[in-house]
Amino acid sequence: MRVAVIAGNCKMNTTVSEAIQLVNEMRQGLDEIDSVDKVICPPFISLATVKELIKGSSIKLGAQNIYFEEKGAYTGEISPLMLADLCEFVIIGHSERRHYFNESGEIVNKKIQAALKVGLKPILCIGERLEENETGRTEEVVAEQLRSSLAGIDYLGGLVIAYEPVWAIGTGKAATGEWANETIGFIRRNISQKYGKRVTQDLRILYGGSVTADNTAEFINQPEIDGALVGGASLKASQFLSIVKQTSEIKQVR
Ligand code: PGA
């Protein structure tokens, strides 16, 4: 049985005081919901503060990025060791990082290795662009992203994968549950070929891209989908709480 994950990616939103307010609004409600891993990923500068705020609760903390070197002269970067001290999860290879910051498959791979080395659980993001989707290349693209991201990695640790079609991120145009389920099934089979059935049975694969309280059930009801990576809707306490609550209810019935 895989425990569902709902991870809220605040992206470059919320000042420290806004992050405090947001977490204060959701903390008790989230803490009361079981059967789901509830992960909040605020900007780096709020991680330490949020860690204090959620102490003693069942809420987990994640970062949005990482650098792959352990320490040294890398002005402005945050190392795996620094994050391991603060949080459990780290988002790696988000499409915004791949596209705006030119993160290649090779860099994503180094980041995954660095995170796993210190026991962080990477949330590896993969997904096709609109033109790739429209020309029927989705499976080819995600297979290549999996190959490059996981090259040379034998042990996946607590790795989570998020399938996020780029055309669905922040657009309000979510994929259909059926499409996401089929693609995630493909991802699971692809991982199974390399790592075996046992690893794959435990691997949590999420859908991401314009998830809201209104469409959560469509995704969570699908057998291959183990949760969601939520951007915009994670910035509104009531939306995020509703997404987590619905996920818990659906998964408990299954
Ligand atoms: P969105 O973002 O929910 O705002 O579409 C999802 C993501 O980028 O992880």
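Q: Rings of Phe, Tyr and Trp pair if their centres lie within 6.5 Å. With that in hand, which residues do ring pairs link into a cluster here?

A: First, keep in mind that this is a predicted model. Ring pairs can chain together, and in this structure they join Tyr67, Phe68 and Tyr74 into a cluster.

Q: How many aromatic pairs does a search of the whole structure find?

A: The search turns up three aromatic pairs. One to pull up in your viewer is Tyr207 with Phe219: the ring centres are 4.2 Å apart and the planes make an angle of 10 degrees, so the pair counts as stacked, the cut-off being under 30 degrees.

Q: Where in the fold do Tyr207 and Phe219 lie?

A: Tyr207 sits in strand β7 (residues 204-208) and Phe219 in helix α10 (residues 216-220), so their pairing ties together parts that are twelve residues apart in sequence.

Q: And is Tyr207 buried or exposed?

A: For that you look at relative accessible area, where under 20% means buried and over 50% means exposed. Tyr207 has 0% relative accessibility, so it counts as buried. Its partner Phe219 is at 2%, so Phe219 counts as buried too.

Q: Rings can have charges over them as well. What lies over the face of Phe101?

A: That's Arg97, at 4.2 Å from the ring centre of Phe101. To count, CZ of an Arg has to be within 6 Å of the ring centre and within 35 degrees of the ring normal.

Q: Let's go to the ligand. Which residues come nearest to it?

A: Start with the shell, meaning residues with a heavy atom within 4 Å. There are 13 residues around the ligand, and Lys11, His94, Glu164, Gly170 and Ser210 come nearest. Sorted by class, the shell holds four nonpolar, seven polar and two charged residues.

Q: How far from a ligand oxygen is the backbone of Gly170?

A: A backbone N or O atom of Gly170 is 2.6 Å from an oxygen atom of the ligand. Gly231 also brings a backbone N or O atom to a ligand oxygen, at 2.8 Å, and Gly232 does so at 2.8 Å. On the surface side, the ligand taken alone exposes 280 Å², and the protein buries 95% of that.

Q: Backbone angles next. Which residue in the loop between β1 and α1 should I look at?

A: Try Thr14, which is found in the loop between β1 (4-9) and α1 (16-31). Though not a glycine, Thr14 has a positive phi of about 80 degrees. Its relative accessible area is 18%, so Thr14 is buried.

Q: Asn102 has a positive phi too. Is Asn102 buried or exposed?

A: Asn102 has 61% relative accessibility, so it counts as exposed. You'll find Asn102 in the loop between α4 (95-100) and α5 (105-117). The phi of Asn102 is about 55 degrees, and again the residue is not a glycine.

Q: What about a lysine inside the protein: what does the side chain of Lys111 reach?

A: The general check is for N or O atoms within 3.5 Å. Here the side chain of Lys111 reaches the backbone oxygen of Ile66 at 3.0 Å. Lys111 lies in helix α5, and at 3% relative accessibility it counts as buried.

Q: Last topic: sequence separation versus distance in space. What separates the C-alpha atoms of Leu81 and Val118?

A: The idea is to put the two separations side by side. Leu81 and Val118 are 37 residues apart along the chain, with 6.6 Å between their C-alpha atoms. Leu81 belongs to helix α3 (residues 80-84), and with 42% relative accessibility it counts as partly exposed.

Q: How far apart in space are Glu128 and Glu164?

A: They are 7.6 Å apart, C-alpha to C-alpha, and 36 residues apart in sequence. Glu128 is in the loop between β5 (121-126) and α6 (130-134) and is buried, its relative accessible area being 0%. You've met Glu164 already: it is one of the residues that come nearest to the ligand.

Q: And how far from Ala7 in space is Gly208?

A: C-alpha to C-alpha, Gly208 and Ala7 are 9.5 Å apart, with their positions 201 residues apart in sequence. Gly208 is placed in strand β7 and counts as buried at 0% relative accessibility. Now try Lys197: this residue is 190 residues from Ala7 in sequence and 25 Å from it in space. Lys197 lies in helix α9 (residues 197-202) and counts as exposed, at 64% relative accessibility.

Notes:
Residues numbered from 1 in each chain as written. Predicted model: local features only at pLDDT ≥ 70, side-chain atom pairs only at ≥ 80, totals over all residues. Heavy atoms only, no water. Polar contact = N/O pair within 3.5 Å; in protein donor to acceptor, adjacent residues only side chain to side chain. Areas by Shrake-Rupley, 256 points an atom, 1.4 Å probe, with all protein chains shown as cover. Nonpolar A, V, L, I, M, F, W, Y, C, P; charged D, E, K, R; others polar. Phe/Tyr/Trp six-rings, centres within 6.5 Å; stacked < 30°, edge-to-face > 60°. Helix = DSSP H or I, 4+ residues; strand = E, 2+ residues; numbered from the N terminus. Buried < 20%, exposed > 50% of the residue type's maximum accessible area, 1.4 Å probe, protein only.
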